[in-house]
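Here's a protein model to look through, with a ligand in it. Let's start with the ligand and its surroundings, then step back to the whole chain.

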Amino acid sequence: MQVPFVNLGAQFQAVESELVAEFVRLGRSGQFILGEEVEKFERQLAQYCDTRYAVTVANGTDALILVMKALNIGPGDEVITVPNSFIASAGAISVVGAKPVFVDVGDDYNLDPAKLEAAITPFTKAVVPVHLTGNPADIDAIAKVIGERDIVIIEDAAQAIGATYRGKKVGSLGLAGGFSLHPLKNLSLLGDAGFISTDDESLYLALKQLRNHGLENRDHSIQWSVNSRLDTIQAAFGNVKLAHLPEWTERFRAIAARYTEKLAPLVSCPKVRTEDAAVFHNYVIRVPERDALMAYLKEQGVDTKIHYPIPLHLMEAARPLGYKRGDFPETEKQAKEIMSLPIYPELTDNQVDYVCQKITAFYQKAGG
Ligand SMILES: *Cc1c(COP(=O)(O)O)cnc(C)c1O
């Protein structure tokens, strides 16, 4: 049996006829950027995230960049995030001219609130917790550390659409949430795309301008900015796919539960607080013999990946920040022990069971 790590073709086929109909309809309409379909998508996204507003942008990285730009976060400012994330979490902070400051993660792979206070300075303007793998970061604990200080929380919810923290949707927990709709994310379009969720009206209005050259109307810009608009056709695809997201999310959860049931005796499985509901963008296990297990599974036809093999503070791009190996011991240790198993709605129970059988076989072999 072959178990690929992703299967984007199968995801397309699951809704192919609906997408083709939208392609023809939008093509004939002649509307290719923004417009009614994008507005409808934004209303539906806001509803899904339990926020008043959503603003679509060109990708999830821009979602974070534009929120910080709207808040005038820039040179001289510090923004806190985690070293165990995708590059964009830190890259977005650097791109607006601010300084990324890292805080180590806990054994849920998310920002460890106990280590936050030590990283806050008079220059800190925002904390960007990442809901890594679709498992919500402990926002209440983070907010408690921040206390009365003038520091906003911007959620990096790129991997977490639909997840809930203490019954509340991610993206509605801080001032704003940045989401990615990249083909590999839980809600994916057929190209790059992203959005911001927020309840804040002035932020919403600023973002609508900032994604479109700072234009307040057709001819007049009030602040230099970028072009980060969503294609109309992508919004139409998004409206089709968003209707399926609840059932796909249930499938992600069912696969995760199946993995946990079979693997918990053998390996360290994801830790989700009982009051929260994760969406398992990735299913990460942690084992000391990670490289040997990955190689064995590869031989057996099972593809696995590492999210992420190089902590952000150890990347060449981070060199000017002055961090060194040893600064974030938990992240560094995890980077050597974590691996992600295949998880996507089209994965069959048979494939999941096959992966579990092979992991079990690996430990039987190792045990004698
Ligand atoms: C994917 C991702 C992003 C960036 O999204 P893009 O759409 O690829 O720009 C940001 N943060 C995290 C944690 C991500 O996984």
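## Where the ligand sits

Look for the largest pocket, because that's where you'll find the ligand. Keep in mind as you go that this is a predicted model. Which elements give two or more residues to the shell around the ligand? They are α4 (60-70) and α5 (88-95).

The shell around the ligand has 14 residues, and Gly60, Thr61, Asp156, Ser180 and Lys185 come nearest. Sort the shell residues by character and you get five nonpolar, seven polar and two charged.

Now zoom in on some of the atoms. Here are three places where an N or O atom of the protein comes up to an oxygen atom of the ligand:

| Residue | Part of the residue with the N or O atom | Distance to a ligand oxygen atom |
|---|---|---|
| Gly60 | backbone | 2.7 Å |
| Thr61 | side chain | 2.5 Å |
| Lys185 | side chain | 3.0 Å |

How much of the ligand does the protein bury? On its own, the ligand would expose 380 Å², and the protein buries 93% of that.

## Stepping back

Zoom out and you can count 12 helices and 11 strands in the secondary structure of the protein. The radius of gyration is 21 Å, close to the 21 Å that the globule rule gives for 368 residues, so the protein is as compact as a globular protein of that length. If you drew a box around the C-alpha atoms along the principal axes, it would come to roughly 75 × 55 × 35 Å.

## Two backbone oddities

A bit of background helps here: most residues other than glycine have a negative phi, and most peptide bonds are trans.

With that in mind, find Asn72 in the loop between α4 and β2 (78-81). Asn72 isn't a glycine, yet its phi is positive, at about 60 degrees.

Next, where is Tyr308 found? Head for the loop between α10 (290-299) and α11 (329-337). The peptide bond joining His307 and Tyr308 is cis, with an omega of about 10 degrees.

Note on methods: Residues are numbered from 1 along each chain as its sequence is written. This is a predicted model: local features need pLDDT of at least 70, side-chain atom pairs count only at pLDDT 80 or more; totals for chains, interfaces and linings use all residues. Side-chain values use heavy atoms; hydrogens and water are left out. A residue is near a molecule or strand if one of its heavy atoms lies within 4 Å of it. A polar contact is a pair of N or O atoms within 3.5 Å; within protein, one must be able to donate a hydrogen and the other to accept it, and residues adjacent in sequence count only if both atoms are side-chain atoms. Accessible areas come from the Shrake-Rupley method with a 1.4 Å probe; for residues, only the protein chains shown count as cover. On a 1 Å grid over the protein atoms alone, a cavity is a set of points where a 1.4 Å probe fits but cannot get out, and a pocket is an open set with protein on both sides within 12 Å along at least five of seven lines; lining residues have an atom within 4 Å of a point. A molecule sits in a cavity or pocket if more than half of its atoms lie within 2 Å of its grid points. Helices (H or I, at least four residues) and strands (E, at least two) are DSSP runs, numbered from the N terminus. Ala, Val, Leu, Ile, Met, Phe, Trp, Tyr, Cys and Pro count as nonpolar, Asp, Glu, Lys and Arg as charged, and the others, Gly among them, as polar. The radius of gyration is taken over C-alpha atoms; the globule rule is 2.2 Å times the number of residues to the power 0.38.
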